[in-house]
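Colleague: Before I trust any of the labels on this one, I'd like to hear how you arrived at them. Can we go through them together?

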Amino acid sequence: MNTVLNLLDRKLYLERYPVKHQHKSLQAWDAADEYAMKYLDELISNDEIKALEGRTLVLNDDFGALSIWLHEYKPYSLSDSWVSHKSAKVNLKHNELSIDDVTFVTSTDELSTLVNQPLKLVVLKLPRSMAYLQHQLIQLQQVIDSDTTIIACGKVKSVTSSVIKLFEKHLGPVKTSLAQKKARLMFCQYQGLKESLPDPTLIEDSAVSFKLLNLANVFSREQVDVGARLLLKQLPDCNQQQVIDLGCGNGILGIQTLLNNPEAHLTFVDESYMAVESARQNLMNAQGHTDNASFVVSNCLDEVLMKQRSFADHILCNPPFHQQNVITDHIAYQMFNDSKKALKPGGQVRIVANRHLDYPHKLNRLFDGHDVLASNSKFSVMACIN
Ligand SMILES: C[S@@+](CC[C@H](N)C(=O)[O-])C[C@H]1O[C@@H](n2cnc3c(N)ncnc32)[C@H](O)[C@@H]1O
C-alpha cells in the first residue's frame, strides 16, 4: 500500500484501516482529495477564507486525509462510517497529531446542536448514495450561511448533472472545476433555504413479517436485497441461542430470526451508524422492545471480539463487496475470519453470496468445508460449522 502522500511542501503518512486486511494496490486518499487539498491551500494562503478554527466541516472523509490536511483548523469530521473515523484517528496518531485536533461527528448525531456558529468552510467528498447526499445537503442548511465556502469533490463520473441539480435545489448555484486526474471540484453558494430532513423510507415486503424503515445511507433502502431474500428462507432454529447478524444493514435477517425465535439473543453489527440505528428502530417497531438484542457499530467483529470470543451459536452474513467507492473482497474475508473466532465449537455461520465470487475456496480452507443450503442462478447460501 502506498502510504506516503507528498503534496505541495507537506508529507503525510496515511493508511486504510485495518491495514492487515487491505489489498496492496489500495491507498488511503485519491485524486479528488489531492485536488481539494491543493485548492484549499491556495484559498487559505491567499487569505480568501479566514477564521477557520472550529468552523470547518469535512463530510465523508474516506480515511482521514482531508481532516488531517486541515487539522490546524480543528475541523469537525462527519461520517456514517465507523471505519472512516477509526482510520482518521489512527492516521492522526501516525502523523504525531492529537486526536483532539478533529471532532468526530456521526451521521446519527444532531449536527446543529454540535455546531453553534455558522461554518466558514465545508468540504464534502461526494458519497455514493444520492439519498444520503440529499440528507447531508439539508442537514448543512442548519449550520451554514451565505458566507460559507462550500467545496465538494469527487471522481469526474460522480459529478453528474443529478448531483449538481441536488446541490442547486437544496443549497444554491454551483460551478465546477476542470477535471484533474479524473477528479473534479464543485463550488456552491448557499442561498438560505431551510428544509426538514426527508423521512426514512419504509418497505413492506412479504419476505418478512414486519415493516422495514431505512435511514438515508442504509444498504438496499428501496427494496429487499436479492441475496437477503434467499438467506431469509434459510434462517436457523435458534431459540435460547446467541446469534450475530454481521453486516446487519437495516437488521432484516436478525429481526426475522428473533421474531421466529423470541428467546434467542441477537447482536446486530455494522460499520454504518445509520444501519445500526435503523436495525434498532426496526426491532423496536417489530416487537415493542430490544431487550433480547445488542447493537454494535464496528469494523466486522473487531469490537465484539475485544470483549468475547467463542460464544456465538449462529452467525448470519450477507457480506459487502464495496469499501467506499472501491470494489473489494477484503471485508468479506475479514468477516469470515472473525466469524470463526466468534463461533463456539460446533457453531455455524450462514453466508449468502453471489455465485461468481470465490468464497467457497476461502471458506473450505477456514472451516474444513461448507454445505450449500440453497441456491438460484445468481446466489447461494453456504453454511460452515466451526
Ligand atoms: C450486503 S449488505 C447486507 C445488509 C443486510 N444484512 C441485508 O442482508 O440486507 C452489507 C452490509 O455490511 C456493512 N459493512 C460494510 N463494511 C463493513 C465492515 N467493515 N464492518 C461491518 N459491516 C460492514 C454495510 O454497511 C452493509 O450494511
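Colleague: Leaving aside its neighbours within four places in sequence, which residues is Asn2 in contact with?

Modeller: Leu14, Lys24, Leu26, Gln27 and Trp29, once neighbours within four places in sequence are left aside. Contact here means heavy atoms within 4.5 Å. Bear in mind that this is a predicted model: local features need pLDDT of at least 70 and side-chain atom pairs count only at pLDDT 80 or more, while totals for chains, interfaces and linings use all residues. Residues are numbered from 1 along each chain as its sequence is written, and side-chain values use heavy atoms, with hydrogens and water left out.

Colleague: What makes the link between the side chains of Asn2 and Gln27 a polar contact?

Modeller: The distance is 3.2 Å. A polar contact is a pair of N or O atoms within 3.5 Å; within protein, one must be able to donate a hydrogen and the other to accept it, and residues adjacent in sequence count only if both atoms are side-chain atoms. So 3.2 Å falls inside that limit. The side chain of Asn2 also has a polar atom 3.3 Å from the backbone nitrogen of Val4.

Colleague: Why is Asn2 called partly exposed, and what about Gln334: buried or exposed?

Modeller: Buried means under 20% relative accessible area, exposed over 50%, and partly exposed in between (1.4 Å probe, protein chains only). Asn2 has 40%, so it counts as partly exposed. Gln334 has 2%, so it is buried. Gln334 belongs to helix H11 (residues 330-342), helices being DSSP runs of H or I with at least four residues and strands runs of E with at least two, numbered from the N terminus. Its contacts, again leaving aside neighbours within four places, are Pro18, His21, Asn299, Cys300 and Asp302.

Colleague: How do you know that E1 and strand E2 pair?

Modeller: Two strands pair if DSSP finds at least two bridges between them. E1 and E2 (residues 10-13) have four, in the antiparallel sense, so they qualify. Asn6 stands opposite Lys11 in E2. The two strands form a hairpin with two residues between them, and Leu8 in the turn has a positive phi of about 50 degrees.

Colleague: Which residues have the most contacts inside the largest nonpolar core?

Modeller: Leu5, Leu14, Met37, Leu70 and Leu121, in a core of 33 residues. H1 gives the most to this core, with seven residues. A nonpolar core is a set of buried Ala, Val, Leu, Ile, Met, Phe, Trp, Tyr and Cys residues joined through side-chain atoms within 4.5 Å. There is also a second, separate core of 32 residues, including Leu111, Leu119, Val163 and Tyr190.

Colleague: Why do you say that the buried residues of H6 line one face of the helix?

Modeller: The buried residues of H6 (residues 161-170) are Val163, Leu166, Phe167 and His170. Seen down the axis, they fall within an arc of 95 degrees, so they line one face; the arc is that of the directions from the helix axis to the C-beta atoms. The face turned away from that buried side carries the exposed residues Lys165 and Lys169. What covers the buried residues includes E6, helix H5 (130-140), E7, strand E8 (174-176) and E9.

Colleague: And how many residues surround the ligand?

Modeller: 18, the closest being Gly247, Asp270, Asn299, Cys300 and Asn318; the cut-off is a heavy atom within 4 Å. A nitrogen atom of the ligand is 2.7 Å from a polar backbone atom of Cys300, and a polar side-chain atom of Asn318 lies 2.8 Å from a ligand oxygen.
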